[in-house]
Every structure is written in structure tokens, then in C-alpha cells.
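Me: Please show me the structure. I should then like to ask how its terms are justified.

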Amino acid sequence: VNTWLASKASQHSTIASLESIGKTYEGRDMKVLKIGEAANKPAIWIDAALHAREWIASATLIYIADQLLNEYSSNANINKFTWYILPIANPDGYEYSYNYNRFWRKTRTRNAADYRGTCPGVDPNRNWGFHFGEAGTSNNPCSDIYRGETAFSEKCVFNMKTFLYNKRKQIKVYISFHSYGQMFMTPWGYTHTSAPSDIRELTRVANLAKTAIKNVNGKSYSVGSPGSLLYDAAGGSFDWAKGVAGIKYAYTLELRPADNTSGGFAIPASEILPTGRETYAAVKEVAKRVTV
Ligand code: VAL
């Protein structure tokens with residue numbers, strides 16, 4: 001992925017550049033592709049595979065990056081923004097999922113609270129510093145929703161939040177790609193009993209994106225908060241983006257498939273392109289509807 005990103009950045013060097021936003025616990029660079037001219041336009045951030053096993057999220061974002069590079073100069077809804085693209089948000093976990101355990105979700109950090117040393121890893125979507133440690137998180141290092149000792153204990157999460165916080169005035173849209181479930185999620189993840197004050201606007205845009213997805217291959221997405229569709233999940237990235245960084249349009253997408261009977265995390269490769277196409281339509285719809 002990093003080789004591909006580097007070659008794309010040099011092929012499109014007038015509008016693209018590649019930057020490391022820091023190193024992971026195991027020392028891997030986290031590469032963000034920036035698409036846009038030097039001028040400081042409002043920005044859209046998209047990340048994928050914060051959860052290691054959700055490979056379709058990375059593949060989809062790589063497809064979208066390619067399309068954005070091709071269309072940037074000719075599409076006004078795309079080039080009104082600068083784009084920040086992080087295709088692998090948890091590279092240590094991704095590598096582990098790739099080589100050792102396909103269904104690994106967390107980071108690979110050694111946990112101080114894990115005395116036997118048998119349960120590495122923190123859920124990087126429970127490790128953000130907004131309502132940290134609340135509903136839908138665990139203090140058990142062996143749990144797949146282990147939140148970590150403290151907020152931002154995970155280097156990959158810390159690196160992302162530092163970048164996002166520094167650019168919070170520029171970034172208007174935050175989107176995190178996960179799988180699976182076919183859901184277009186709005187904040188808050190930490191509770192299902194309250195919503196942000198501008199939830200109507202966030203839901204309006206999400207519903208337009210949902211229609212854009214349906215129009216490509218007929219796939220149905222549901223729109224709502226994690227707690228209304230699935231379960232509460234405090235300490236997630238999009239809650240922090242909205243609640244602390246003040247990024248108005250903050251979304252988490254659960255991509256294909258709808259359920260475990262149709263592949264779960266191990267979705268067939270034949271679905272990569274269709275997923276890429278319909279998700280790109282959703283992203284373009286958001287870019288079109290967000291006024292800057
Ligand atoms: N499935 C995601 C998670 O568990 C959502 C709920 C944000 O982190």
C-alpha cells in the first residue's frame with residue numbers, strides 16, 4: 001500500500017503528496033496521502049482499517065484515492081476541498097491480520113495490565129479522549145473492546161489525533177471506514193440517549209449518501225448512531241472528531257457486507273470494486289452537499 005501511495009503521489013505530483021504522520025508502536029510509518037493544491041482549502045479526512053481485520057475498508061479507500069486523483073482537476077465538488085487519506089490507520093494490527101491472524105482487530109501494544117503477557121492490543125476505536133471508558137468499552141486487556149490504560153495510549157491513535165487537532169479548523173468532514181454492516185453512522189457513539197445539536201443536518205447528508213450508494217449497485221444502508229443500529233461504543237474516533245476537534249460532519253461507515261452470512265470481514269475480492277464504486281458515490285455526495 002505504501003509503495004502504491006508513493007508512486008501515485010509522484011505520478012500526480014502537482015496535486016498530491018505523501019506524508020508520514022508518525023510511527024506506530026512497532027515502528028511503522030503512518031502514511032497520509034494529501035490531494036489538493038498548496039492553497040489552504042477546506043478539507044475532508046478519510047481513514048480506514050483502524051480495526052485491523054476490516055480489509056475492505058482499506059481497499060475501498062485506496063480505490064477512492066485513485067478516483068480522486070483522476071477526477072480532482074475536473075470535478076468542482078472534489079477540488080473545492082483538500083483531501084487527507086489514511087488507508088491503513090492501524091498498520092501494526094493490519095500486518096498481524098495479514099500474516100498471522102486474519103481476524104485480529106486491535107493494535108499490537110504490550111499491555112501493562114496484562115500480567116501474563118498473553119493479551120496484547122488495544123481497541124483503537126475505544127482509545128480516543130472523548131467520554132473515554134464509558135459505554136461499550138472494557139478494562140480487560142483480553143477483550144476485543146479493551147480501551148487501554150489511558151486515552152491516546154496507542155501511538156496510531158495519538159498520531160491521528162495530533163494531525164487532526166492541528167488541522168481542525170481546516171477539516172470540515174471526518175469519515176472513518178469500518179466493516180461490516182452497511183451502515184452510515186452519525187454521532188454519538190458513546191450514548192444512544194442524546195445526539196449532537198446539529199444531528200438533523202448530519203442525518204440529512206447521511207441519507208443523501210445512502211441514496212447515492214443505493215443508486216450504484218442497489219445496496220441498502222441504514223443511517224443512525226452506533227447505539228441505535230448496533231451498540232454503544234465510547235472512545236471512538238468520530239466522537240472525538242465531532243466532540244473535541246469540532247469537525248461538523250463526522251461519520252463512521254460500516255461497509256459491505258450486511259451480515260456474517262455474506263462474508264463478514266472476509267468479503268470476497270470480487271466485491272472490492274463494487275464496494276469502491278458505491279462508497280465513492282457516497283463520498284462524492286457528501287462533498288457535494290457540504291457547503292464551504
Ligand atoms: N463497529 C464500530 C466499533 O465497534 C462502530 C460501532 C463504531 O468500533
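Reply: Ala, Val, Leu, Ile, Met, Phe, Trp, Tyr, Cys and Pro count as nonpolar, Asp, Glu, Lys and Arg as charged, and the others, Gly among them, as polar. By that division the lining of the largest cavity has two nonpolar, four polar and three charged residues. This is a predicted model, in which local features need pLDDT of at least 70, side-chain atom pairs count only at pLDDT 80 or more, and totals for chains, interfaces and linings use all residues. Residues are numbered from 1 along each chain as its sequence is written, and side-chain values use heavy atoms, with hydrogens and water left out.

Me: What makes T24, Y25, N90, D92, T107, T109, E154, K155 and C156 lining residues of the largest cavity?

Reply: On a 1 Å grid over the protein atoms alone, a cavity is a set of points where a 1.4 Å probe fits but cannot get out, and lining residues have an atom within 4 Å of a point. T24, Y25, N90, D92, T107, T109, E154, K155 and C156 therefore line the largest cavity.

Me: Why is the pair between E254 and the ligand called a polar contact?

Reply: A polar contact is a pair of N or O atoms within 3.5 Å; within protein, one must be able to donate a hydrogen and the other to accept it, and residues adjacent in sequence count only if both atoms are side-chain atoms. A polar side-chain atom of E254 lies 2.6 Å from a nitrogen atom of the ligand, so the pair qualifies.

Me: How do you know that Y231 qualifies too?

Reply: A polar side-chain atom of Y231 lies 2.9 Å from an oxygen atom of the ligand, so this pair also meets the cut-off. For R105, the corresponding separation from a ligand oxygen atom is 3.3 Å.

Conventions: 1 Å grid on protein atoms, 1.4 Å probe; cavity = no way out; pocket = protein on both sides within 12 Å on 5 of 7 lines; lining within 4 Å.
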